[in-house]
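Please open the model in the viewer and keep the selection panel at hand. The tour proceeds stop by stop, with a selection to make at each.

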Amino acid sequence: MGLPALEFSDCCLDSPHFRETLKSHEAELDKTNKFIKELIKDGKSLISALKNLSSAKRKFADSLNEFKFQCIGDAETDDEMCIARSLQEFATVLRNLEDERSRMIENASEVLITPLEKFRKEQIGAAREAKKKYDKETEKYCGILEKHLNLSSKKKESQLQEADSQVDLVRQHFYEVSLEYVFKVQEVQERKMFEFVEPLLAFLQGLFTFYHHGYELAKDFGDFKTQLTISIQNTRNRFEGTRSEVESLMKKMKENPLEHKTISPYTMEGYLYVQEKRHFGTSWVKHYCTYQRDSKQITMVPFDQKSGGKGGEDESITLKSCTRRKTDSIEKRFCFDVEAVDRPGVITMQALSEEDRRLWMEAMDGREPVYNSNKDSQNEGTAQLDSIGFSIIRKCIHAVETRGINEQGLYRIVGVNSRVQKLLSVLMDPKAASETETDICAEWEIKTVTSALKTYLRMLPGPLMMYQFQRSFIKAAKLENQETRVSEIHSLVHRLPEKNRQMLQLLMNHLANVANNHKQNLMTVANLGVVFGPTLLRPQEETVAAIMDIKFQNIVIEILIENHEKIFNTVPDVPLTNAQLHLSRKKSSDSKPPSCSERPLTLFHAMPSTEKQEQRNSIINSSLESVSSSANSILNSSSSLQPNMNSSDPNLDVVKPTRPNSLTPFRKAKALYACKAEHDSELSFTAGTIFDNVHPSQEPGWLEGTLNGKTGLIPENYVEFL
């Protein structure tokens, strides 16, 4: 496992977990700094002492061989694995040159020492300065906060308001410093992947130049050198893309941190001061507390932010009641009392502010009014996968392939926004969309057309490859075996809704044509993956970890382009299973029966049984009414059970799978595979099981049926209708 990602949203909470994660990043930076210093020292010895060249090179090689890169995230791309392996490759080359002696290494200082010194001073040094500032602001904030919370509530209101303003100002400054420090740490961790290895590569190239007897060895090293150079460039390109995304997220967090909080498993969490009775009286001890409403469990961790260590053992209690503490009943402000089922007496807690107390009271169902901080963040776009949408994409593709397939930087160079919006408004006009003409007027520049195509895809209500499959595609891209990657992505594509899959096929066929002309337009498969990955496979939640996965989104698009004929023109042999996805870090997998595919619970809203029955009755009634004139022929003819093959878009030309439409009566179906339910709304079954009352569900790719009196969901591609 690599280093965990530092989320900006954790800066606000400043939890113990966040501090531990930050410490691991700091330790990695210290380790890198020490290693660079040692490497520089060894390099200087190599330059200055020809007589000791052999021993110096061996030590240098040993240093390279011992260092291991730690990447952010739970998996590495092929480029990152290549870069991580590069140090061991360098060490092998240097050991082979141990007995070789030659002329003075003239330019080693310029190509090796200077860049490493620059990286250590400018990048790691800047991170250390940021740490000093962060530690200073932490101590300052905690000190002022403790002083503020110790103010008596009996003081004048003006004094209290002034104290509140001062604390808010210091808190905001501490939060900004924390965000900047986390951003700098992440930046240095990413930079070292190329700014650290690149000077070493240049140094080795210099050695090959001066060592005549090492010429053959340099030829053998050439293939890996090329691969490494490409990997470094790809990593640099990905860094430049993700850095701007991370910086943009940081700015959003600065402007409005509450709207970008990470989804937490806890109903409420944060720091509270807990009143504890001692021999000499009472004291207030700072705890990091979490609360889960379902289990009513409160966990209290004594923790000091200044020292960064725990002050005692964790304690968990079960909430019985929560009551706001009256201001005149205690000297402290922002207090509330908690009673526990498994602990006698009343626990008095102090929140950090009035707003903080209100949120704690709300979470614990106290006497504060209910406040719902959740927001519906789903933005509905005006674009749709209908006949107009397909017409727009086809027109754009036709214009690109007939007028601009060889333009350099195709799809990477963006058009003027006002022109792009104007073109889209023309294309999205229903009158224009209904015309049979597929040509876009030559007055529109190709960069405007390509930007219009990308913008329309981003305007869809959700990404073309859908939010619920985003994590599955990323897991598939992280598999080590290339053949397995293609197989998993092949299966996932065939789980997409029909129109999504059809639009994706249309787009991938076009991008394959673009890539075939890469010598003229300079848009290779990798470049197209960088352009279309975030558009077609964007995550539902914008986090640092999601941004770090952009490189795997790009890999998914590369696989789709390179294997578009197989993926879209053939049916996968076996449905995608969760068991296969769990083997993402293995080169081979054991034979296991397939299980139900992953599906986010948030996309399924179960109805009460009475409501389900009413819905079934309404479907049956509408079906009988619509075919009342030929009821006997429908019931006696198997052809009546075939789905309607007419599409709203005459250009789709896709054969739909055999499944009942919304007016088909409930039918029996037989299981082709065994399936183990992963959620309460799903059914578990073995191969050969017979289901009753099978009909389409509200879930894409799922049917609803009855087994032994229980109604639940069944994967559509696991059954055949009888």
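Two strands are said to pair if DSSP finds at least two bridges between them. With that criterion in mind, select residues 690-696, strand β9, together with residues 702-707, strand β10, of this predicted model. β9 and β10 pair in the antiparallel sense, over three bridges. To see one position in this pairing, display D692, which stands opposite T706 in β10.

Keep β9 selected and add residues 667-671, which form strand β8. Here too the sense is antiparallel, and three bridges link β8 with β9. Which residue of β9 stands opposite A669? Display F691, for F691 in β9 is the residue that A669 faces.

**The whole protein**

Now clear the selection and view the entire protein. The protein contains 24 helices and 12 strands. Of its 722 residues, 47% are buried. Among contacts with a separation of 6 or more, 70% join residues 24 or more positions apart.

**Helices α10 and α13**

The next stops concern pairs of helices. Two packed helices are described by the angle between their axes and the distance between the axes.

Select residues 387-403 for helix α10 and residues 446-459 for helix α13. Their axes come within 10 Å and cross at roughly 150°. An angle over 145 degrees counts as roughly antiparallel, and α10 and α13 are therefore roughly antiparallel to each other. The crossing of α10 and α13 is left-handed. To display the contact, show the side of α10 formed by I388, G389, I392, I393, C396, I397, A399, V400 and R403. From α13, add I446, V449, T450, L453, Y456 and L457. By class, the residues of this contact between α10 and α13 comprise 12 nonpolar, two polar and one charged.

**Helices α16 and α20**

Finally, select residues 498-516, helix α16, and residues 550-562, helix α20. How do the axes of α16 and α20 cross, and within what distance do they come? The crossing angle is roughly 80°, and the axes come within 8 Å. Angles of 65 to 115 degrees count as roughly perpendicular, so α16 and α20 are roughly perpendicular to each other. Display L504, M508, L511 and A512 in α16, which meet I557, L560 and I561 in α20. The residues of the contact between α16 and α20 divide into seven nonpolar, no polar and no charged.

Notes. Residues are numbered from 1 along each chain as its sequence is written. This is a predicted model: local features need pLDDT of at least 70, side-chain atom pairs count only at pLDDT 80 or more; totals for chains, interfaces and linings use all residues. Side-chain values use heavy atoms; hydrogens and water are left out. Axes are lines fitted to C-alpha atoms, for helices over the stretch in contact, and angles run from 0 to 180 degrees between N-to-C directions. Helices (H or I, at least four residues) and strands (E, at least two) are DSSP runs, numbered from the N terminus. Angles under 35 degrees count as roughly parallel, over 145 as roughly antiparallel, 65 to 115 as roughly perpendicular and the rest as oblique. A crossing is left-handed if the near helix is turned anticlockwise from the far one by less than a right angle, and right-handed if clockwise. Contact means heavy atoms within 4.5 Å. Ala, Val, Leu, Ile, Met, Phe, Trp, Tyr, Cys and Pro count as nonpolar, Asp, Glu, Lys and Arg as charged, and the others, Gly among them, as polar. Buried means under 20% relative accessible area, exposed over 50%, partly exposed in between (1.4 Å probe, protein chains only).
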